[in-house]
Amino acid sequence: MYGETEGNDTTAGNANEYSVTPHKGNFILVSQDSTEAFSGKIRMLKAGPPCV
């Protein structure tokens, strides 16, 4: 079993407004890049289902 201290911040650089959508048994997070002001870049992260 893992604890929260074992995790990584994989969402650094994502805007505070984002979308999470289920896709083929996984989840896709889509957000604007917030590492630079007024960026036109889009960030997309894929994750598996949550562990239970």
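Does V20 count as buried, exposed or partly exposed, and at what relative accessibility? Let's work through it in a few points.

1. First, the ground rules. This is a predicted model, where local features need pLDDT of at least 70, side-chain atom pairs count only at pLDDT 80 or more, and totals for chains, interfaces and linings use all residues. Residues are numbered from 1 along each chain as its sequence is written, and side-chain values use heavy atoms, with hydrogens and water left out.

2. Now the sheet. Three strands (DSSP runs of E, at least two residues, numbered from the N terminus) form an open sheet in the order β1-β2-β3, with antiparallel pairing. Pairing here takes at least two DSSP bridges between two strands. β1 (14-23) and β3 (42-47) are the edge strands with a single partner each, so one side of each has no neighbour in the sheet.

3. Look at β1 and β2 (residues 26-33): seven bridges join these antiparallel strands. One bridge partner to spot is V30 in β2, which goes with S19.

4. Back to V20, which sits in strand β1. V20 counts as partly exposed because its relative accessibility is 46% (buried is under 20%, exposed over 50%, partly exposed in between, with a 1.4 Å probe and protein chains only).

5. Two loop residues are worth a click. K24, in the loop between β1 and β2, has a phi near 50° and is exposed at 75%. F38, in the loop between β2 and β3, has a phi near 55° and is exposed at 88%. Most residues other than glycine have a negative phi.

Definitions and conventions
Helix = DSSP H or I, 4+ residues; strand = E, 2+ residues; numbered from the N terminus.
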